[in-house]
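The paragraphs that follow are meant to be read with the structure open beside them, moving from one chain to the other and pausing where the elements meet.

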Amino acid sequence: MFIMRFTERPYVAYTEDDVRNSFRSSVRLTFSNTHFDPKLGADLYNQYLDEYEFSEEVGFDGLMLNEHHNTPTCMGATMNLEAAILARMTKKPKIVLLGNPLPIFENPIRLAEELAEIDMISRGRLVSGFVRGTGIESWATNTNPVHNRERFEEAHDLIIKTWTTPGPFRWEGKHYQFRVVNPFETPLQKPHPPIWIPGVGSPETLEWCARHHYPYIYLETDPQVTVSMTDLYAKAAAECGYEPGPQNFGYLWRIHVQDTDEKAIEVGKGFLTGNAGIGRVPLPGDFMAPAGYNSREGSKRLLEQYKHALRPDPLYGGVDSAGWDAVVESNRIVVGSPKTVVKKIRQGLEVFRPGILGVWSNDGTIGHKDTMRCLQLMKDEVLPAIREMGKELGLPGPFEQAP
Amino acid sequence: MAYERKFVTVGGARIEYFVGGSGAPMVWLHGTEGNLGWLPLHEELARDFTVYVPTHPGFAGSERPPWLETFLDLSRFYLWILQELRLPKAILAGHFIGGWLAAEMAVMSPSTVARLFLIDAAGVRPREGEITDIFLHGSEGTRRLSFVDAKQVADYDLLFGTKSTPEAREAHIINREAVTRYCWKPYMHDPSLPPLLERLRDVPTMLIWGREDRIVPMECGELYRKAIPGAQLQVIDRCGHFPHLEKPAEFWRAASAFLLPNHRRD
């Protein structure tokens with residue numbers, strides 16, 4: 001089993017009123033950057049890097065980063081910079097980027113170059129994930145959302161070709177044209193760094209991943225839906241003549257440990273202000289998914305999938321204590337003492353059977369001190385137990401068995 | 001008055017249009033709301049003209065050829081639609097993006113256009129204000145900005161009423177997607193259009209604008225007027241983005257003076 005650690009690197013020094021007073025009461029896209037204090041930002045970036053550095057000592061196999069734009073919920077607006085720093089600061093863990101939002105790049109060759117440098121500086125530790133980005137990423141970069149999937153696929157094909165085909169060559173695509181593709185520096189890993197794809201279960205992406213043998217990382221999706229999405233991947237894989245195993249799947253899960261259940265339940269509540277933001281004010285739907293961002297067919301299939309979703313969902317669940325209790329009760333967010341957490345994780349692993357476990361250890365208003373304690377407890381008690389479980393349940397990661 | 005819903009296949013795409021009336025041909029080009037069918041407005045025009053109301057490719061009702069991606073593609077393709085409809089010279093009328101479309105077609109092929117009639121048209125970037133980002137404001141926000149007083153609008157529900165049927169909701173999604181495809185970037189304007197407008201010196205042109213249009217500011221009407229030799233601009237007071245719906249009487253007065261200069265309507 002491959003275990004990686006993740007946080008969205010949040011910025012939380014603003015109020016619910018600030019959000020409500022922003023254009024269309026949105027915490028993303030239009031929430032004014034006048035609410036950002038770079039002095040605090042400087043502290044936070046360094047603190048988050050410290051936490052990742054300590055995560056190597058904790059024993060995580062991977063340090064996972066993500067990227068979002070125009071939002072306090074994730075300070076990783078240029079994830080590759082953080083990745084480059086970690087490439088030099090750490091020695092062992094993989095640097096797992098989940099992922100670079102391909103459609104928003106006007107120049108995917110430049111991205112191929114950045115990733116190749118990270119791969120070399122880290123001496124071959126890069127896992128290069130790619131995403132379509134949320135609609136916010138399209139807005140923030142003024143990329144036409146109707147071309148999102150086309151650009152994702154074309155940029156992907158171009159990057160893979162850049163990494164694997166001797167240059168110079170020429171690319172005349174629909175969205176990208178380059179006459180001399182020949183970046184001199186190529187990745188250390190051959191044929192290229194592993195590609196993993198995170199998501200919330202868009203059927204078209206699942207099938208695309210299956211066709212490419214790319215592991216799919218569920219971003220804390222509903223348990224029931226996760227199982228049916230895995231079937232969809234398996235069906236597409238069968239059409240390509242192979243049977244996927246745990247190495248083809250990952251599950252990102254909010255998991256927070258403290259010395260006692262009581263403390264963990266109290267501190268863990270900070271997760272609720274993570275990617276939903278302070279106040280958990282619902283985002284305008286057309287910000288997250290502008291017209292054309294999802295194909296009409298894909299939207300229908302996604303809705304159909306989610307018909308079977310089990311509530312409560314941590315993103316939509318209530319902020320009151322009843323809502324939080326339900327989220328904890330249903331294991332959508334795992335909080336507790338090491339003993340409790342190990343027991344709860346086992347229940348999930350038995351159902352999802354992922355070869356990759358993403359431990360989203362802290363977010364929102366969970367502070368640095370609590371995070372460091374959480375990571376220490378993971379080192380001493382939780383990670384060793386998960387590793388045993390991985391062996392016992394037969395959950396090889398993608399570095400143990402090729403996906 | 002009788003009208004028909006018909007289809008014409010152009011470059012492999014099936015294009016829907018409504019046609020009715022008699023007289024010189026006029027093509028009415030719809031705005032971002034899509035083709036709402038044969039409206040009282042078209043009925044009125046059909047008393048003096050053969051009125052064609054096509055659905056733009058990619059909007060609910062008409063197919064989009066897979067290569068058609070940009071507003072310029074749309075404009076070039078539309079000249080082909082007119083050709084297949086056997087309209088070598090027609091009055092082009094249009095609102096918002098429909099007006100922009102008419103202007104693009106006119107500068108590409110001035111001899112195809114008998115008269116140009118633009119209503120609160122997009123296409124020209126204002127120098128001082130901005131064309132409101134209807135995507136960012138969303139459907140509801142845009143609706144609020146569209147009228148000075150929605151109570152003045154008889155066809156309000158037709159335009160912005162709750163989409164009651166699944167088909168109407170689907171059409172709404174398709175139309176939003178089409179507008180996004182053609183108008184996202186550069187947003188609602190073509191940087192090369194203004195210098196080309198001078199080409200329209202022999203095309204009689206009228207611009208009608210709501211003085212309080214909060215979607216396309218009146219400044220754009222002024223810019224069009226200055227760029228097209230001989231163009232007239234008629235501004236309607238206490239009126240927003242849809243003069244033909246919000247102030248139909250004033251709209252008709254201005255429209256008839258331009259479209260029917262030789263006879264008074266009863």
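A strand of chain A makes a convenient starting place in this predicted model: on S11(A), one side carries Ile356(A), Gly358(A) and Trp360(A) and the other carries Leu357(A) and Val359(A), and all of these residues are buried, so that both faces are covered. The strand spans residues 356-360 of chain A, and with five of its five residues buried it is mostly covered. Which strands pair with S11(A) in the parallel sense? One is strand S1 of chain A (residues 2-6), which runs parallel to S11(A) and is joined to it by five bridges; another is strand S9 of chain A (residues 249-257), which also pairs in the parallel sense, over five bridges. Gly358(A) appears in both pairings, since it is the bridge partner of Met4(A) and also the bridge partner of Leu252(A).

From here the path leads to chain B, by way of the contact between the two chains. Nine residues of chain B are in contact with eleven residues of chain A. On the chain B side, the elements that contribute two or more residues are helix H4 (134-146) and helix H6 (166-183) of chain B, and H6(B) gives the most, with five residues. By class, this side of chain B that touches chain A divides into three nonpolar, two polar and four charged residues.

Within chain B, the next feature to follow is an open sheet of eight strands with mixed pairing, whose order is S1-S2-S4-S3-S5-S6-S7-S8 (chain B). Strand S1 (3-10) and strand S8 (232-236) of chain B stand at its edges, and because each has a single partner strand, one side of each is left without a neighbour in the sheet. From one strand to the next, the twist averages 20 degrees. At the S1(B) edge, the partner is strand S2 of chain B (residues 13-21), with which S1(B) pairs in the antiparallel sense over eight bridges; in this pairing Phe7(B) stands opposite Glu16(B) in S2(B).

Further along the sheet lies S5(B), and here the question of burial returns: what becomes of its residues on either side? Ala90(B), Leu92(B) and Gly94(B) point one way from the strand, while Ile91(B), Ala93(B) and His95(B) point the other way, and all are buried. Because six of its six residues are buried, S5(B) is largely enclosed by the rest of the structure. On one pairing, S3(B) and S5(B) run in the parallel sense over four bridges, with Met26(B) opposite Ile91(B) in S5(B). On another, six bridges join S5(B) to S6(B), and these strands run parallel as well; the bridge partner of Leu92(B) in S6(B) is Leu116(B).

Two helices of chain B lie against this sheet, and each can be placed by the strands it touches. H2(B) packs on the sheet by touching S1, S2, strand S3 (24-29), strand S4 (49-54) and strand S5 (90-95) of chain B, and its direction makes about 115 degrees with that of S1(B). H3(B) lies across S3, S5 and strand S6 (113-119) of chain B, running at about 145 degrees to S5(B).

How do the two helices meet? Two packed helices are described by the angle between their axes and the distance between the axes. For helix H2 (residues 71-84) and helix H3 (residues 97-108) of chain B, the axes come within 9 Å and cross at roughly 65 degrees, and the two are therefore roughly perpendicular to each other. The crossing in which H2(B) passes H3(B) is right-handed. From H2(B) the contact draws on Leu72(B), Leu74(B), Ser75(B), Arg76(B), Tyr78(B) and Leu79(B), and from H3(B) on Leu101(B), Glu104(B), Met105(B) and Met108(B). Taken by class, the contact has seven nonpolar, one polar and two charged residues.

The last stop is Glu43(B), which is found in helix H1 of chain B (residues 40-45). Is this residue buried, exposed or partly exposed? Glu43(B) is partly exposed, because 14 other C-beta atoms lie within 10 Å, a count that falls between the 12 or fewer of an exposed residue and the 20 or more of a buried one. Leaving aside neighbours within four places in sequence, Glu43(B) is in contact with Met1(B) and Trp38(B). The C-alpha atoms of Glu43(B) and Pro110(B), which are 67 residues apart along the chain, are separated by 27 Å.

Definitions and conventions
Residues numbered from 1 in each chain as written. Chains lettered and ligands numbered in written order. Predicted model: local features only at pLDDT ≥ 70, side-chain atom pairs only at ≥ 80, totals over all residues. Pairing = 2+ DSSP bridges. Contact = placed C-beta atoms within 7 Å. Nonpolar A, V, L, I, M, F, W, Y, C, P; charged D, E, K, R; others polar. Axes fitted to C-alpha atoms, helices over the stretch in contact; angles between N-to-C directions. Parallel < 35°, antiparallel > 145°, perpendicular 65-115°, else oblique. Left-handed = near helix turned anticlockwise from the far one by under 90°.
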